[in-house]
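Dear colleague,

I am passing on a structure that you have not worked with before, and below it I set out what was found in it. Please keep it open beside this message while you read.

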Amino acid sequence: MPVADWLLAAAAVAAIVWPLVDFNEFIYRADRATVLDLVLGAALIALVLEATRRTSGPVLTLTALGFLAYAWVGPFLDLVGLSIVAHRGYGLDRLVGTLYMTLEGVFGVPLDVASTYIILFTVFGAVLQHSGASRFLLEWSRAAFGRSQSGAAAGRR
């Protein structure tokens, strides 16, 4: 594993452990984040974007970056004639405070869905694979419907 990946992993651990270490104060200061909160929050947001790029490709990452840019440059849109979509804008402290320090961000719905549903499908898939049930289901479907040569080409003669 490259050294850069080890550094990214260490930054991820630091960004996730910090709210646990300072929990009693952390949960009450989303509107007045400290410098350490901002640094670790920005690092976590960047790490989530990098993980998204590595697992899903660039399109979803660019979409998320576009929404983050829209939140930041909102007031400037009025200057270029886009007043219908312009807004007052949000600074880095508010973006990081919301995405890192509240339940509307990373630790809210995305983490809830991942810990509740994605892990269930992962465990279910592992159980099917290691118990041999996936092989049984595949062989059963082949026996029931026949083995095709290659999808669409099998219908042509």
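What radius of gyration does the chain have, set against that of a compact globule of 157 residues? The chain has 23 Å, whereas a compact globule of that many residues would be near 15 Å. Please bear in mind throughout that this is a predicted model. Along its principal axes the C-alpha trace spans about 65 × 45 × 30 Å, and 18% of the 157 residues count as buried. Among the contacts with a separation of 6 or more, 46% are between residues 24 or more positions apart.

The overall make-up is simply described, since the chain holds seven helices and zero strands.

**Helix α1**

Helix α1 takes in residues 3-21, and its 19 residues reach 26 Å from the first C-alpha to the last, which is close to the 27 Å expected at 1.5 Å a residue. Its buried residues are D5, A15, W18 and P19. These cover an arc of only 150° around the axis, and therefore lie on the same side of α1. On the other side of this helix, V3, W6, L7, V13, L20 and V21 are exposed. The cover over the buried residues of α1 includes α2 (23-26), α3 (35-56) and α5 (92-101).

**The largest nonpolar core**

In soluble globular proteins, nonpolar side chains tend to be buried together. Here the largest nonpolar core has ten residues in all, namely A15, W18, F26, L40, L44, I45, L49, V96, Y100 and M101. Helices α1, α3 and α5 each supply at least two residues of this core, and the largest share, four residues, comes from α3.

W18, which is one of the core residues, also deserves a look for its partners. Once its neighbours within four places in sequence are left aside, W18 is in contact with F26, R29, L36, D37, L40 and Y100.

**Salt bridges**

The structure holds five salt bridges, and I describe some of them here. Two of the residues that W18 contacts, R29 and D37, form a salt bridge with each other, in which the closest N and O atoms are 2.5 Å apart. Both D37 and R29 are buried.

A second salt bridge joins the side chains of R54 and D5, at 2.8 Å from N to O. Because R54 lies in helix α3 and D5 in helix α1, this pair ties together parts that are 49 residues apart in sequence. D5 is among the buried residues of α1, whereas R54 is partly exposed, with a relative accessible area of 47%.

Within α3 itself, the side chains of E50 and R53 meet in a salt bridge at 2.6 Å, N to O. E50 and R53 are three residues apart in that helix, about one turn. An α-helix has 3.6 residues a turn, so residues three or four places apart point the same way. E50 counts as partly exposed at 22% relative accessibility, and R53 is partly exposed as well, with a relative accessible area of 41%.

These last two pairs are connected, in that D5, E50, R53 and R54 are linked in a network of salt bridges. When you go through the model, you might begin with W18 and its contacts and then turn to this network.

With best regards

Technical notes:
Residues are numbered from 1 along each chain as its sequence is written. This is a predicted model: local features need pLDDT of at least 70, side-chain atom pairs count only at pLDDT 80 or more; totals for chains, interfaces and linings use all residues. Side-chain values use heavy atoms; hydrogens and water are left out. The expected span of a helix is 1.5 Å times one less than its number of residues. Buried means under 20% relative accessible area, exposed over 50%, partly exposed in between (1.4 Å probe, protein chains only). The arc is that of the directions from the helix axis to the C-beta atoms. Contact means heavy atoms within 4.5 Å. A salt bridge is a side-chain nitrogen of Lys or Arg within 4 Å of a carboxyl oxygen of Asp or Glu. A nonpolar core is a set of buried Ala, Val, Leu, Ile, Met, Phe, Trp, Tyr and Cys residues joined through side-chain atoms within 4.5 Å. The radius of gyration is taken over C-alpha atoms; the globule rule is 2.2 Å times the number of residues to the power 0.38.
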